[in-house]
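Here are a few short exercises to help you find your way around a new structure. Try each task yourself before you read the solution.

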Amino acid sequence: MKYVVVGAGGTGGCLGGFLAEQGHDVTLIARNRHLDEIRRNGLILKSCSLGERQIRSVKACTMEEYSDSPDVIFVCVKFYSLEEVIPFIRRTASENTLVIPILNVFGTGGILEASCPGPVILDGCIYIYSMIETPGIVVQPSPIFRVFFGYRKGQARRLESLAVQVERDLREAGIDAAFTDEIQKEALTKFSYVSPIGAAGIYLDQTGGAFKHPGEAQDLFLELVHEIETLGHAMGITFEEDLGERNLKILEGLDDDSTTSMQRDVQHGGPSEMDGLVHRIVRLADEYGLELPAYRKISRWAKERGM
């Protein structure tokens, strides 16, 4: 089976690296010096689970250079790069291709499906702590590596046997994978942390330490979490746990000086995931007739600043 991983950063590099190390046919879509180094030396993966590996079997190219017919495409880019991936999917994916987007933003499968009607496009989410150390080298300092993917409610279950095989391949590669019937709940549960910490962090200009203790930052974070919970209930999603309590436990593990990727993107003057992490929630609130005042406040604030 031919796997393509679009985006060879921390997430895509680990995903592709684990699969290639298990002997699967994997092509990483990368660019710039990172691509050059992978071509020269293979992917160097420093994983607390696998140890250090030099994976020469993995292939690497740009989207323009890829000319094969993939069975599975994992999309592991940031939300603001999603538009760049659409022409690639349209060109390379057939009706027998399974596309699994793994982004921080909730509901990207449906967004891609609207622009790419040919292949089967699922929804997915991932739990992993990993990053590019230097070009060609990806590090995974924490053993957590969980991937959820599945069909959205009402979606035709075409290529289901292929999805089952993907789950098997991921598990055999050492990844905690679940092909689930509740992907919207799983994805929104993860999003209930990623979005509020990103939104509150950039709005208040605060680092991780401010959110770990009672006060303005933690209050805003919890207000945003509960608004995501409200959105989920409006969508017919039932959560078995209190998302506020769940996410407070995650906050305990933050370094006091940690910042979110959205904060770092804005600080470096680049594009950010504000549209996917904040503005998209306001659009969904309008769709479901919800107020969600904290998200609306941060969305207005961000738009006033050109974000």
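**Exercise 1: Contacts along the chain**

Take the contacts in the protein chain between residues at least 6 apart in sequence, and work out what share joins residues at least 24 apart.

*Solution.* Keep in mind that this is a predicted model. Start with the contacts whose partners are at least 6 apart in sequence, then pick out those whose partners are at least 24 apart; that gives 69%.

**Exercise 2: The overall build**

Count the helices and strands in the protein chain, then say how its radius of gyration compares with the globule rule.

*Solution.* Step one is the count: you should get 12 helices and 13 strands. Step two is the radius of gyration, which is 19 Å; the globule rule gives 19 Å for 307 residues, so the chain is as compact as a globular protein of that length. Step three puts a box around the C-alpha trace, which spans about 50 × 40 × 35 Å along its principal axes. Last, look at burial and surface: 56% of the 307 residues are buried, and the accessible surface is about 13,500 Å², with 46% of that belonging to carbon and sulfur atoms.

**Exercise 3: Two annotated stretches**

Describe the helix and strand content of residues 4–150 and of residues 183–302.

*Solution.* First, the labels. UniProt, in an unreviewed entry, lists residues 4–150 as "domain: Ketopantoate reductase N-terminal", and its annotation "domain: Ketopantoate reductase C-terminal" covers residues 183–302. Next, the content. Residues 4–150 are 28% helix and 35% strand, and their end C-alpha atoms sit 18 Å apart. Residues 183–302 come out at 72% helix and 0% strand, with 29 Å between the end C-alpha atoms.

**Exercise 4: The inner side of a helix**

Which residues of helix α3 are buried, and which elements do they pack against?

*Solution.* Go to residues 82–92, which make up α3, and pick out the buried ones: Leu82, Val85, Ile86, Phe88, Ile89 and Thr92. Now look at what they pack against. The strands are β1 (2–6), β2 (25–29), β6 (72–75) and β7 (98–101), and there's a helix too, α4 (108–115).

**Exercise 5: One histidine**

Is histidine 279 buried or exposed?

*Solution.* Find histidine 279 in helix α11, residues 274–288. Its relative accessibility is 7%, and the cut-off for buried is under 20%, so histidine 279 counts as buried. Then check its partners: setting aside neighbours within four places in sequence, histidine 279 is in contact with Met274, Ser299, Ala302, Lys303 and Met307.

Key: Residues numbered from 1 in each chain as written. Predicted model: local features only at pLDDT ≥ 70, side-chain atom pairs only at ≥ 80, totals over all residues. Heavy atoms only, no water. UniProt positions renumbered as here; feature names shortened; annotations may be inferred. Helix = DSSP H or I, 4+ residues; strand = E, 2+ residues; numbered from the N terminus. Buried < 20%, exposed > 50% of the residue type's maximum accessible area, 1.4 Å probe, protein only. Contact = heavy atoms within 4.5 Å. Rg over C-alpha atoms; globule rule 2.2 N^0.38 Å. Areas by Shrake-Rupley, 256 points an atom, 1.4 Å probe, with all protein chains shown as cover.
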